[in-house]
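Let's take a walk through this structure together, starting from one small corner and working outwards. Please have the sequence and the 3D view open as you read.

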Amino acid sequence: MYIKEISLDNFQSYWDRNQIEFGKGLNLFIGSIGAGKSKLFNAFQWCLYDRTYKTLEGWLSGQERTPIELVNRKKLFDTEVGSSFELKVQIVVVHNNLDYNITRLVKFKKLNEVDQTNAKESSNWEGWKKAMVKELLFS
């Protein structure tokens, strides 16, 4: 079994859709401070275990951190009032030449205009869970 790819939609520092493909064997991520290496690790943790790491606070579960806190800030500001978007991480693993998709997804609808002080307040967003539990799909 190996990880084939990960797709991130509006997850933390990853705006819009980002897809990273992995090769068989060892894959290294090298980058400067703030390049998104830890956020990529968080994407795996959120998708598989519904937890993320936050500096100075440690591991936070889905009960301790709301999904809106994981959304990319640019997406929060660029979304028009009344419009919807997805926070989504999908991991594709290969086992015995079959692809398995593991997905965690939350949809949001923007209810009010936001600024720097209230962008992540839940009263400004309607969020509903879809596939908040792991979905194992056979492709």
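Start at Gly82, which, setting aside residues up to four places away in sequence, touches Lys109 and Lys110. Keep in mind as you look that this is a predicted model. Gly82 sits in the loop that links α2 (73-78) to β5, and with a relative accessible area of 43% it is partly exposed. For a sense of distance, pick Ser13 as a second point: Gly82 and Ser13 are 69 residues apart in sequence, and their C-alpha atoms are 23 Å apart in space.

Now zoom out to the whole chain. The protein has two helices and seven strands, and read from the N terminus these elements follow the order β-β-α-β-β-α-β-β-β. The radius of gyration is 16 Å, close to the 14 Å that the globule rule gives for 139 residues, so the protein is as compact as a globular protein of that length. If you align the view with the principal axes, the C-alpha trace spans about 45 × 35 × 25 Å. Of the 139 residues, 42% are buried. The accessible surface comes to about 8,400 Å², and carbon and sulfur atoms account for 52% of that surface. Sequence separation is worth a look too: among contacts between residues at least 6 apart in sequence, 56% join residues at least 24 apart.

Next, move to the interior. Which residues have the most contacts inside the largest nonpolar core? They are Ile6, Leu8, Phe11, Val89 and Phe108, in a core of 27 residues. At least two residues of this core come from each of β1 (2-11), β2 (14-21), α1 (37-49), β5 (84-95) and β6 (98-110). Leu8 makes a good place to pause. Beyond its neighbours within four places in sequence, Leu8 is in contact with Tyr14, Asp16, Arg17, Asn18, Ile20, Leu40, Ala43 and Lys88.

The aromatic residues are the next stop. The count comes to seven aromatic pairs. One of them brings together Tyr53 and Trp59: the ring centres are 5.4 Å apart and the planes stand at 75 degrees, beyond the 60 degrees that the class requires, so the pair is edge-to-face. Both rings belong to partly exposed residues, with relative accessible areas of 42% for Tyr53 and 34% for Trp59. Trp59 has another partner as well, since Arg51 lies over the face of Trp59, at 4.0 Å from the ring centre. Elsewhere, Phe22, Phe29 and Phe44 form one aromatic cluster.

A second charge over a ring can be found at Trp15, in strand β2. Here the charged end of Lys74 sits over the Trp15 ring, 4.8 Å from its centre. Along the chain Trp15 and Lys74 are 59 residues apart, while their C-alpha atoms are separated by 6.9 Å. Not counting residues up to four places away in sequence, Trp15 touches Asn10, Asn72, Lys74, Lys75 and Asp78. Trp15 itself is partly exposed, with a relative accessible area of 37%.

From there, follow the chain to Ala119, in the loop between β6 and β7 (125-138). Is Ala119 buried or exposed? Its relative accessibility is 1%, under the 20% limit, so Ala119 counts as buried. Its contacts, again leaving out residues up to four places away in sequence, are Arg73, Leu76, Phe77, Val114 and Trp125. Compare its position with Ile6, one of the core residues named above: the C-alpha atoms of Ala119 and Ile6 are separated by 27 Å, with their positions 113 residues apart along the chain.

Finally, turn to the backbone. Most residues other than glycine have a negative phi. Two residues here are worth checking against that pattern. Gln12, in the loop between β1 and β2, has a positive phi near 50 degrees. Asn97, in the loop between β5 and β6, has a positive phi of about 60 degrees although it is not a glycine. Their surroundings can be set side by side: Gln12 counts as buried at 10% relative accessibility, whereas Asn97 counts as exposed at 76%.

Conventions:
Residues are numbered from 1 along each chain as its sequence is written. This is a predicted model: local features need pLDDT of at least 70, side-chain atom pairs count only at pLDDT 80 or more; totals for chains, interfaces and linings use all residues. Side-chain values use heavy atoms; hydrogens and water are left out. A nonpolar core is a set of buried Ala, Val, Leu, Ile, Met, Phe, Trp, Tyr and Cys residues joined through side-chain atoms within 4.5 Å. Buried means under 20% relative accessible area, exposed over 50%, partly exposed in between (1.4 Å probe, protein chains only). Helices (H or I, at least four residues) and strands (E, at least two) are DSSP runs, numbered from the N terminus. Contact means heavy atoms within 4.5 Å. Rings of Phe, Tyr and Trp (its six-membered ring) pair if their centres lie within 6.5 Å; planes under 30 degrees apart count as stacked, over 60 as edge-to-face and the rest as tilted. A charge sits over a ring if NZ of Lys or CZ of Arg is within 6 Å of the ring centre and within 35 degrees of the ring normal. The radius of gyration is taken over C-alpha atoms; the globule rule is 2.2 Å times the number of residues to the power 0.38. Accessible areas come from the Shrake-Rupley method with a 1.4 Å probe; for residues, only the protein chains shown count as cover.
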